Amino acid sequence: MTISTARVRMALRHTFRIARSADDFRESVLVRIAGAGREGFGEAAPMSRYGQTADSAERVLSSLDEGVLDTPERIEEILGGLREWFGGESAALAAIDIALHDLLGKRLGAPLYEIMGLDPERTPATSYTIGIDSAEIIKMKVEEAADYQYLKVKMGLDNDYEIMETVRGLTDRPVRIDANEGWTKEEALEKIRWLEGLNVELIEQPLPSDRIAESRWLAERVSVPLFADESVHTAEDIPHLIGAFHGINIKLTKCGGIREAVRMIHAARACNMLVMLGCTIESSLGITAAAQISPLVDYADLDGNLLITNDPVVGVKTVEGKLVLPVGAGLGITLTDRSVLEALAGPPDPT
Ligand code: MG
């Protein structure tokens, strides 16, 4: 099999500000695995929180021995062996994982959800994310989100009360809050108690990722479910979070792909936890891959593709926020950007 990559620069509709960063664009690395007349596509959406960049993802992908993919349908064997080799480059590992699943679906001539035994009607509705901003811009963003049933509101800087008051002045739709590690435990307690009366469904990562004991203290004092995001990467992390969080946010790019995401869903269920599938800013390729397994989860926050203006891929759609899966084999995605397609054509098929 051959591996080729193409870097895509995705422009954000608005500056995307969260507690630790602000961006006007993000870069992803799209990946094509090809051989024996078949191809599969994946996406590495690097997360700066974990020290990843498009450069680091490309570097690790270009140094991968293509021979390890020669029996691409043996996904368990391949990915089990690659995790250690990829180290902290979970986004790049996710790209290989996603491409292998796409390839497998095409080989079997079936959509991935069908291969996974899932009912495509059972997809959840995604939330639409409102980044941290002035009251004026928040107003504009809430209007843009009119088609979505759930809002995800970012917090963790000094205007949390103003943001929520602005949102509640415009809509009574359910809100999910993400503090992105931005609060102390006392601040979290005060703010969450205030938010509890405002139709807030859940609070994501109120405290820094390593403050598990403090999160347990907080969980004992609030009634709204707390979700781990930065505190949870792979299935092995989940048992340590019992009592500190009521649920987890799984991202393919954070955990290393579909295989690990499914392990995490089952581990979380065994620990009696709720499950959300989330994302970073990424194209419809990565978002569609996550959406394929979304019938397994309680909440979806799969809107990274909705926040960019130059999506190079067509895949999952939303109708009033509900995820509508494409019917094609594998991921069912189509690449629509000519320069990306040309870059991914890569070296000629060895077979
Ligand atoms: Mg989060």
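**View 1. Buried aspartates at the magnesium site of the predicted model.** D178 is buried, its relative accessible area being 0%. D229 is likewise buried, with a relative accessible area of 1%. Together with E204, these residues supply the protein donors of the magnesium ion: D178 (OD), E204 (OE) and D229 (OD) lie 2.0 to 2.2 Å from the ion. The pair D178 and D229 links distant parts of the chain, being 51 residues apart. D178 belongs to strand β6 (residues 175–178), whereas D229 lies in the loop between β8 (226–228) and β9 (247–250). The sequence spacing of the donor residues is D-x25-E-x24-D. The structure shown is a predicted model.

**View 2. Parallel pairing of β9, β10 and β11.** Strand β10 (residues 274–277) pairs with β9 in the parallel sense through four bridges. N249 has M276 of β10 as its bridge partner. Strand β11 (residues 299–300) runs parallel to β10, and two bridges join them. M276 is bridged in turn to Y299 of β11.

**View 3. Positive phi at Q205, a buried loop residue.** Q205 is located in the loop between β7 (200–204) and α8 (212–219). Its phi is near 40°, a positive value in a residue other than glycine. Most residues other than glycine have a negative phi. Q205 counts as buried because its relative accessibility is 0%, under the 20% limit.

**View 4. Positive phi at E320, an exposed loop residue.** E320 occupies the loop between β13 (317–319) and β14 (322–324). Although E320 is not a glycine, its phi is positive, at about 50°. With 58% relative accessibility, E320 is over the 50% limit and therefore counts as exposed.

Terms used. Residues are numbered from 1 along each chain as its sequence is written. This is a predicted model: local features need pLDDT of at least 70, side-chain atom pairs count only at pLDDT 80 or more; totals for chains, interfaces and linings use all residues. Side-chain values use heavy atoms; hydrogens and water are left out. Donors are N, O and S atoms within 2.8 Å of the metal (3.2 Å for Na, K and Ca); water is not among the atoms, so sites may look incomplete. Buried means under 20% relative accessible area, exposed over 50%, partly exposed in between (1.4 Å probe, protein chains only). Two strands pair if DSSP finds at least two bridges between them.
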